[in-house]
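Trainee: Please take one part of this model and look at it closely. I would like to hear about the packing of the helices, with the residues that go with it.

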Amino acid sequence: MSFSWGVVSGCFIGPYIWGLFSKKITKIGAFAGIISGLLTVGGATLVISLQSGFSTAAAKSPEMGVAAMAISMVIVPLVSAFTKNKKENAERIEEIFECYKEN
């Protein structure tokens, strides 16, 4: 279970949290967060399994999940800083975040 939840949380926590609170997050940034979370757990599992066996990787799976979440939280805004939303996406983002404006 820790492998599956590590992958799920690592893939989606960065795009989810940043997407809720920032207008600057791009679609490419969100996909980069998903891929980075997946590769973190998958890559770490592969490397540890090849070096020490799968039982060692299984024992380290909670740490891999935490690392995947942290990496996803860093990658999403970093990639978004170097990419831009399309104009139609920017209009939709303004519409979505309009509820946060004070009257």
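Mentor: What follows goes through the helix pairs in turn, with selected residues placed along the way. Keep in mind that this is a predicted model.

Start with the terms. Two packed helices are described by the angle between their axes and the distance between the axes. Handedness is given as well for each pair below.

Take α1 and α2. Helix α1 covers residues 2-21. Helix α2 covers residues 27-52. The axes of α1 and α2 are 7 Å apart, and the packing angle is about 155°. Angles over 145 degrees count as roughly antiparallel. So α1 and α2 are roughly antiparallel to each other. Their crossing is right-handed.

Now bring in α4, residues 61-82. Against α2 first: the axes of α2 and α4 come within 8 Å. They cross at roughly 150°. The cut-off of 145 degrees applies again, and α2 and α4 are therefore roughly antiparallel to each other. The crossing of α2 and α4 is right-handed.

Then α1 against α4. Here too the axes come within 8 Å, but the crossing angle is roughly 20°. That makes α1 roughly parallel to α4, because angles under 35 degrees count as roughly parallel. The α1 and α4 crossing is right-handed.

The directions can be put together now. Helix α2 runs roughly antiparallel to α1. Helix α2 also runs roughly antiparallel to α4. Helices α1 and α4 are roughly parallel.

Next, the residues. Begin on α1. Val8 is found in this helix. Is Val8 buried or partly exposed? Its relative accessible area is 38%, so Val8 is partly exposed. Val8 also belongs to a nonpolar surface patch. Met1, Trp5 and Phe12 make up the patch with Val8, and its area is about 500 Å².

Move along to the loop between α1 and α2. Thr26 lies there. Thr26 has a relative accessible area of 5% and is therefore buried. What is its separation from Ile93? Thr26 and Ile93 are 67 residues apart in sequence, yet their C-alpha atoms are 10 Å apart in space.

Helix α2 holds Ala32 and Leu38. Ala32 has 19% relative accessibility. Buried means under 20%, so Ala32 counts as buried. Leu38 stands at 45% relative accessibility and so counts as partly exposed. The C-alpha distances give each residue a reference point. Ala32 is 18 residues from Gly14 in sequence and 9.6 Å from it in space. Leu38 is 51 residues from Asn89 along the chain, with 26 Å between their C-alpha atoms.

One more helix remains to be placed. Helix α3 covers residues 54-59, and Ala57 is in it. Ala57 has 0% relative accessibility, so this residue counts as buried. Its C-alpha atom lies 8.6 Å from that of Val47, and the two residues are 10 apart along the chain.

To recap, look at α2 once more. Its axis is 7 Å from that of α1, and it comes within 8 Å of that of α4. On α2, Ala32 is buried, whereas Leu38 is partly exposed. Ahead of α2, Thr26 sits buried in the loop that joins on from α1. On α1 itself, partly exposed Val8 contributes to the nonpolar patch.

Terms used:
Residues are numbered from 1 along each chain as its sequence is written. This is a predicted model: local features need pLDDT of at least 70, side-chain atom pairs count only at pLDDT 80 or more; totals for chains, interfaces and linings use all residues. Side-chain values use heavy atoms; hydrogens and water are left out. Patches are made of residues with over 30% relative accessible area and no salt bridge: like charges are joined within 9 Å, nonpolar side chains (Val, Leu, Ile, Met, Phe, Trp, Tyr) within 5 Å. Accessible areas come from the Shrake-Rupley method with a 1.4 Å probe; for residues, only the protein chains shown count as cover. A salt bridge is a side-chain nitrogen of Lys or Arg within 4 Å of a carboxyl oxygen of Asp or Glu. Helices (H or I, at least four residues) and strands (E, at least two) are DSSP runs, numbered from the N terminus. Buried means under 20% relative accessible area, exposed over 50%, partly exposed in between (1.4 Å probe, protein chains only). Axes are lines fitted to C-alpha atoms, for helices over the stretch in contact, and angles run from 0 to 180 degrees between N-to-C directions. Angles under 35 degrees count as roughly parallel, over 145 as roughly antiparallel, 65 to 115 as roughly perpendicular and the rest as oblique. A crossing is left-handed if the near helix is turned anticlockwise from the far one by less than a right angle, and right-handed if clockwise.
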